[in-house]
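User: I am new to this structure and would like to know what the terms used to describe it rest on. Please take me through them one by one.

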Amino acid sequence: MNNHSRLPAYIYTFTCSPDERSLCNMEIRSFFGLETSVNILKSNIEIEPSRSPFIKGRVEVMYEGESISEIVEQVKNIHLPHSTFKVLFVKINDLDKVAKIDYDGQREIEREIGWHIQGNADVRNPDQVFGIVPLGGRWYFGKYVKPEAVWLHHMKKPREYSTALSTRVARAIANIAVPHPDGVKAIDPCCGIGTVLVEALSMGIDIDGRDINPLVTDGSRENIAYFGLEGDVTTGPISDVTKNYDVAIIDMPYNLYTHATPEDQLSILKHARRFADKVVVVTIDTMDHMIEEVGFEIADRCVAKKGIFSRQIVLCV
């Protein structure tokens with residue numbers, strides 16, 4: 001039977017290291033408003049897979065059914081006279097250990113479905129990839145999109161600091177701050193050498209950068225230009241920000257030269273409260289009392305770890 005829903009449906013799969021689990025879960029909550037414990041979820045929300053460092057793939061659901069035979073009947077409607085295709089069994093799913101399908105079984109499912117699609121199969125360089133995945137006791141089939149690891153290219157910046165966020169963490173933080181960019185104006189008022197700016201701008205997020213240190217704002221502009229991106233980066237204290245923003249991303253200064261004192265941290269938060277409706281704070285210190293003192297409420301949080309070093313990511317509204 002053909003169970004098309006009125007809204008489009010997408011199946012997302014995820015992968016992350018144990019150190020990244022907390023951050024991955026917070027990004028998922030920001031994108032979809034829910035969490036998953038099995039690295040796979042179904043949603044009507046469309047997210048470009050390359051935005052996230054944790055999304056492994058996305059199936060744009062075309063057909064669903066209670067069995068592979070139901071899927072086979074439906075894919076007979078696919079006609080690809082001028083393009084090649086392949087069918088991919090999505091390995092990340094919610095099957096328990098007893099129901100897991102081995103390698104040979106996965107290939108057999110791919111062949112059975114592919115045999116009934118009207119077109120030319122090409123497992124090496126297909127024009128179109130379809131995914132088949134079990135979830136919640138049902139089978140889902142549709143166009144499969146694999147992400148491009150854009151953040152890996154951004155690791156090779158001309159300007160870098162040892163204490164800067166990793167590109168993976170920076171990208172996830174940008175997504176947590178601005179999960180749906182349309183109409184959203186953001187600022188990173190302590191932008192440093194622009195790690196968050198590069199990730200945000202590469203995803204089409206409208207974001208300004210600013211920092212009190214002219215050396216790092218020069219570095220930020222250089223890094224942005226190096227990747228062919230365009231963004232406005234100004235030099236000056238956060239106290240001079242006069243525009244209003246939907247969201248601010250504040251990585252509290254922490255390095256050999258500009259470690260923020262508690263007084264500095266409180267001042268930064270007070271100014272952010274003045275010009276931003278929402279703030280994502282990145283900090284090595286617990287700052288809950290300061291966040292509450294300036295009038296924000298903590299809506300969500302996680303910890304991003306790197307070995308024994310960890311940062312808190314706190315969403316404030």
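**Terms and the values behind them**

Analyst: This is a predicted model. Helix 2 (residues 68-75) packs against helix 3 (residues 103-115), with the axes 8 Å apart and an angle of about 30° between them.

User: What makes helix 2 roughly parallel to helix 3?

Analyst: The angle is about 30°. Angles under 35 degrees count as roughly parallel, so the term applies to this pair of helices.

User: Which residues make the contact of helix 2 with helix 3?

Analyst: Helix 2 contributes Ile68, Ile71, Val72 and Val75, and helix 3 contributes Ile109, Glu112 and Ile113. By class these are 6 nonpolar, no polar and 1 charged. Glu counts as charged, whereas Ile and Val count as nonpolar.

User: Why is the sheet of 7 strands called open, and which strands are its edges?

Analyst: The strand order is 2-1-3-7-6-4-5, with mixed pairing. Strand 2 (40-43) and strand 5 (118-121) each pair on one side only, and they are the edge strands. From one strand to the next the twist averages 40°.

User: How do you know that strand 3 and strand 7 pair?

Analyst: Two strands pair if at least two bridges are found between them. Strand 3 (residues 55-65) and strand 7 (residues 138-145) are joined by 7 bridges and run antiparallel, so they meet that definition. Glutamate 60 stands opposite lysine 143 of strand 7.

User: What do helix 2 and helix 3 touch in the sheet?

Analyst: Helix 2 touches strand 3, strand 6 (128-135) and strand 7, and its direction makes about 80° with that of strand 3. Helix 3 touches strand 4 (79-89), strand 6 and strand 7, and its direction makes about 160° with that of strand 4. Angles of 65 to 115 degrees count as roughly perpendicular and those over 145 as roughly antiparallel. Therefore helix 2 is roughly perpendicular to strand 3, and helix 3 is roughly antiparallel to strand 4.

User: Why is glutamate 20 called buried?

Analyst: Its relative accessible area is 16%, and buried means under 20%, so glutamate 20 is buried. Glutamate 20 lies in the loop between strand 1 (10-14) and helix 1 (21-32). Leaving aside residues up to four places away in sequence, glutamate 20 touches Phe54 and Arg168.

User: What makes the pair of glutamate 20 and arginine 168 a polar contact?

Analyst: The distance between the two side chains is 2.8 Å. The cut-off for a pair of N or O atoms is within 3.5 Å, so the pair falls inside it.

User: Is serine 30 buried or exposed?

Analyst: Serine 30, in helix 1, has a relative accessible area of 16% and is buried. Serine 30 touches Asn175, Ile176, Pro179 and His180, residues up to four places away in sequence not being counted. The C-alpha atoms of serine 30 and leucine 315 are separated by 10.0 Å, although these residues are 285 apart along the chain.

User: Why is strand 14 called largely enclosed?

Analyst: Of the 8 residues of strand 14 (residues 309-316), 6 are buried, so the rest of the structure largely encloses this strand.

User: How many bridges join strand 14 to strand 12 and to strand 13?

Analyst: Strand 12 (residues 276-283) is joined to strand 14 by 5 bridges, and strand 13 (residues 298-306) by 8. Both pairings are antiparallel. Valine 281 has valine 314 as its bridge partner, and cysteine 302 stands opposite isoleucine 313. The hairpin of strand 13 and strand 14 has 2 residues between the strands, and glycine 307 there takes a positive phi near 70°.

Note on methods
Residues are numbered from 1 along each chain as its sequence is written. Side-chain values use heavy atoms; hydrogens and water are left out. Buried means under 20% relative accessible area, exposed over 50%, partly exposed in between (1.4 Å probe, protein chains only). Helices (H or I, at least four residues) and strands (E, at least two) are DSSP runs, numbered from the N terminus. A polar contact is a pair of N or O atoms within 3.5 Å; within protein, one must be able to donate a hydrogen and the other to accept it, and residues adjacent in sequence count only if both atoms are side-chain atoms. Contact means heavy atoms within 4.5 Å. Axes are lines fitted to C-alpha atoms, for helices over the stretch in contact, and angles run from 0 to 180 degrees between N-to-C directions.
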